[in-house]
Each structure stands twice: as structure tokens, then as C-alpha cells.
Amino acid sequence: PPTKKSRLSKGVNMYACQNCTPLHHFNSRLTDALEILEQHAFFRLDQNAESRALAFRRGSATLKACPHKITSVDSLKNLPYIDTSNSSKAGHCKKVITEILEEGFSDEVEDIVNSDFYKTMKLFCGIWGVGPSTAKKWFDSGHRHLNDIKNLKLNKDQTVGLEYYEDLNTPVSKDEALCVSEIVKTVCMEIKKDLLVTLVGGFRRGKPAGHDVDLLISHPTQGEEKHVLPKVMEKLKDNFLYTDKKMSSGTTHPQYTGKSSTMDQFEKCFSIFKLDLPKSTKNGNEKPWKAIRVDLIVVPTDQYPFALLGWTGTKHFEREIRRYTKTEKKVVLTSHGMYTTDTKQSIEAKTEEEIFKKLDLEFRPPSERCC
Ligand code: TTP
Ligand code: MN
Ligand code: MN
Ligand code: MN
């Protein structure tokens, strides 16, 4: 079982993966503010940017797991990553929460939201293929609008990212995600009738909308998933506006991977899908389709439960379950599998439930991983 230290009062635990974090919670006014600070810290790219961003995200995750609305500073007592008696880094979270509780808003957050820097970084980072370092370079060169960067040297992702900027920044609805999923399923059935297509990412957690569609492709027989992706892409070539295929490195044993919490070694395709819109939503001057970001990930069946867990998110949940696993269980967990840190002994699991069980974690269904 988790160490005593990791279990704090009020039922909110230290590791977000131990908590029940539903999509809808009681403290969004506070968590929205903390996540603006998180994003701003991340945009600044200065020293400690990552750990500062993480401190805000941890505070936010705590509030999301609180089974009641926080209305007073007193009730922050003992909350992990917020109560300053537990951690010095929590101070900034507490200060901002206190401001909002007492004055209704935080000057610091308002200043950030209204700043040229934050607004421009959000605009530029909304371009697919543009991360904070490129966005900041452009900001520092004086660029402020999408028009300013049209004539800059862009890579392939960024070029299409800019071309489909509006569509790609319009949320993907659950219906649209299901449509894409059905199209991919149909094509997979034609290739091999037992191929399995699973909608993961935010939609698996129950989000009504998302920024992309994440699909795992697997086959109940080990090895039968090989060579499937090029066939899927060939059959869908008229449905794609753009594809960026990533090869599998071949060394998918967890021992050799998992350096970063989001990079894995699966054969995959990051694409822009051209989804035809139903007639009812068409009007005269609108194009009859929508560009949608789609990720296709091919997963060998022995790694399926780990890939399912890894691609269901949230990113913070994944970071936390890996931190818990490493610190509390001396086990390395990746989207490919898990193994003990000392003896490199691989630990098998057939389902997500089994992974949680073997890690002595209470099972959290996807809808409770919204931290
Ligand atoms: P995202 O699609 O980025 O996020 P999301 O589906 O949670 O939210 P949204 O609705 O905005 O799309 O990532 C989904 C999960 O996939 C996330 O937990 C991280 C994981 N992931 C990997 O494991 N490897 C990768 O290479 C990438 C890009 C993501
Ligand atoms: Mn981006
Ligand atoms: Mn997604
Ligand atoms: Mn994705």
C-alpha cells in the first residue's frame, strides 16, 4: 500500500493517480486560474520553467480531486501542493487561491491573460508543430499576428498547421471523433477483420470535445498488427490532408524506452484528416469538410493494456502514475510495459485493472483520470 507520507487528510492524496478526479468538479474557477499560471510558466521557458509549471498543475490537480467547493482559506489546510506547511513550492498556489477567494480575482492572473506575451504565445502555440520555443522566438522578433509569420521559414507541420489553423483550433466534437473512428474501423476491417480500433485520449475519459482524435490499432494475435499501418494509410489516402508517419524503433521493450513521459516507440501516424460534414451543417459559403488532427498508434497486443493506459491520459495523470510507480514501487512504467528498477524483471498485465492492482493502486476508470 502507499506510504503513510503519501496519504494526507481530506482524502486527497499526494499522487494524482491515487485520487478520483472527475471531469466535472467543484473548483474550476480556481483551477482555471492555476492552469493559466501553469501555461504562462511553461511559455516563459526560463530556468525552472518546468518545475514552476508543474507546481501549478499539482495544485490544480488537488483542487480537482476535492469532493467539495473550496470557499475559505481555512479549508486549504493539509491539501497537498497547496498548504504551505507541506511544501515551500505550494506558496504561490496558495497566494493566488487566497486572492481569488477573498477578492474574487487575482491581479497576477488577470495581468497574464491580458498581456501581449501570453496572448501571442497562445496564438502561435495553437499552430500545429509550433511549441513554446519557436513561438517565443517569433514573439521576441516582434511578431504578433498569424499574418506576420506566413512568410517566415516554416517546417512541414507548421505549414499545414497554419493552413488549417481555424479548423484545427475548433474543438472536435464527440460525434466527429466517432465518425473518424468508424471510418478507420471500416478500413481496418477490410485489411484484417479482427483488427481492433480503440478511441483513447480525452474522449475515452468522457470529454465532450477535444483537440484531436487518438486511435489505437491492435490485433488479438501478436504480430498480426505488423505492416497494417501503411495499408491503412494507403486506403485512407483520399481522407488525409497530411500525414507524418513515425517508424517503430523496434526496441519496444520497456527497459529501453520511457525516458520521456510522452514519447513512446510505437509505429504511429500523426495526421490531418479531412472529415466530410453532414449536409445539415453545410451552408453556401462554407467548405463541406473539416480538417481534424488524428493520431493513429499501432500496438502489439501484449503491450495493449499499457498503451491504453498511456494514451488515455491526462498527461498529468500519466506523469503522476509513473512518478508514484518509480518512487513508491521501484517500478518503471511506460506505454510499452513495466519492469522493476533493480532486477529489470518485467511485470506482465492483461488489463488496465491488472496494472493498477500490481502497483497496489485503487483502480481509476478513465472518467476519474481527469487531473
Ligand atoms: P493528447 O491527444 O495530446 O491529449 P488529450 O487527448 O488528453 O486531450 P485533447 O482532448 O486535448 O486531445 O494526448 C493523449 C495522450 O497520449 C496523453 O496522455 C499523452 C499520450 N501520448 C503518448 O503517450 N505519446 C505521444 O507520443 C503523444 C503525442 C501522446
Ligand atoms: Mn502547439
Ligand atoms: Mn487527444
Ligand atoms: Mn493526440
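Which residue stands opposite Ser271 in β7? In this predicted model, the partner is Val294. That pair is a good way into the sheet around β7, so let's start there and then move on to the metals and the cavity.

**The sheet around β7**

Five strands make up an open sheet, ordered β2-β4-β7-β6-β5, and the pairing is mixed. At the edges sit β2 (196-200) and β5 (240-246), each of which pairs on one side only. On average, neighbouring strands here are turned by 25 degrees against each other, with direction ignored.

β7 (residues 289-298) runs antiparallel to β6 (residues 267-276), and ten bridges join the two. Besides the Ser271 and Val294 pair, Lys268 stands opposite Ile297 in β7. Turn to β4 (residues 213-218) and the direction changes: this strand runs parallel to β7, with five bridges between them. Here Val213 stands opposite Val294, so Val294 of β7 has a partner in the antiparallel pairing as well as in the parallel one.

How many of the ten residues of β7 are buried? Ten of the ten are, so the strand is largely enclosed by the rest of the structure. Trp289, Ala291, Arg293, Asp295 and Ile297 point one way from β7, while Lys290, Ile292, Val294, Leu296 and Val298 point the other way, and all are buried. Note that the buried set includes Arg293, Asp295 and Lys290.

**A second sheet**

There's also an open sheet of three strands, in the order β8-β9-β10, and its pairing is antiparallel. Its edge strands are β8 (331-333) and β10 (346-347), each pairing on one side only. β9 (residues 338-340) is joined to β10 by two bridges, and Met338 stands opposite Ile347 in β10.

**The manganese ions**

Now for the metals. Here are two of the manganese sites side by side:

| Ion | Coordinating atoms | Distances |
|---|---|---|
| manganese ion (ligand 2) | Cys125 (O), Val130 (O) | 2.4 to 2.5 Å |
| manganese ion (ligand 3) | Asp212 (OD), Asp214 (OD) | 2.0 to 2.1 Å |

Asp212 does double duty: it bridges the manganese ion (ligand 3) and the manganese ion (ligand 4), which lie 3.6 Å apart.

Are the coordinating residues buried or exposed? Asp212 counts as buried because its relative accessibility is 7%, and Asp214 is buried too, at 8%. At the manganese ion (ligand 2), Val130 is buried at 8% relative accessibility. Cys125 has 22% relative accessibility, so it counts as partly exposed; the cut-off for buried is under 20%.

**The cavity**

The structure holds one cavity of 30 Å³ or more. About 40 Å³ of space lies in this largest cavity. Asn13, Met14, Ala16, Asn19, Arg58, Ala61, Thr62, Pro80, Tyr81, His316 and Glu320 line it. Two elements, α2 (49-65) and α14 (315-329), give two or more residues each to that lining, and α2 gives the most, with three. By class, the lining has five nonpolar, four polar and two charged residues.

Key. Residues are numbered from 1 along each chain as its sequence is written. Chains are lettered from A and ligands numbered from 1 in the order in which they are written. This is a predicted model: local features need pLDDT of at least 70, side-chain atom pairs count only at pLDDT 80 or more; totals for chains, interfaces and linings use all residues. Side-chain values use heavy atoms; hydrogens and water are left out. Donors are N, O and S atoms within 2.8 Å of the metal (3.2 Å for Na, K and Ca); water is not among the atoms, so sites may look incomplete. Buried means under 20% relative accessible area, exposed over 50%, partly exposed in between (1.4 Å probe, protein chains only). Two strands pair if DSSP finds at least two bridges between them. Helices (H or I, at least four residues) and strands (E, at least two) are DSSP runs, numbered from the N terminus. Axes are lines fitted to C-alpha atoms, for helices over the stretch in contact, and angles run from 0 to 180 degrees between N-to-C directions. On a 1 Å grid over the protein atoms alone, a cavity is a set of points where a 1.4 Å probe fits but cannot get out, and a pocket is an open set with protein on both sides within 12 Å along at least five of seven lines; lining residues have an atom within 4 Å of a point. Grid points are joined across faces, edges and corners, and a volume is the space filled by probe spheres set on the points. Ala, Val, Leu, Ile, Met, Phe, Trp, Tyr, Cys and Pro count as nonpolar, Asp, Glu, Lys and Arg as charged, and the others, Gly among them, as polar.
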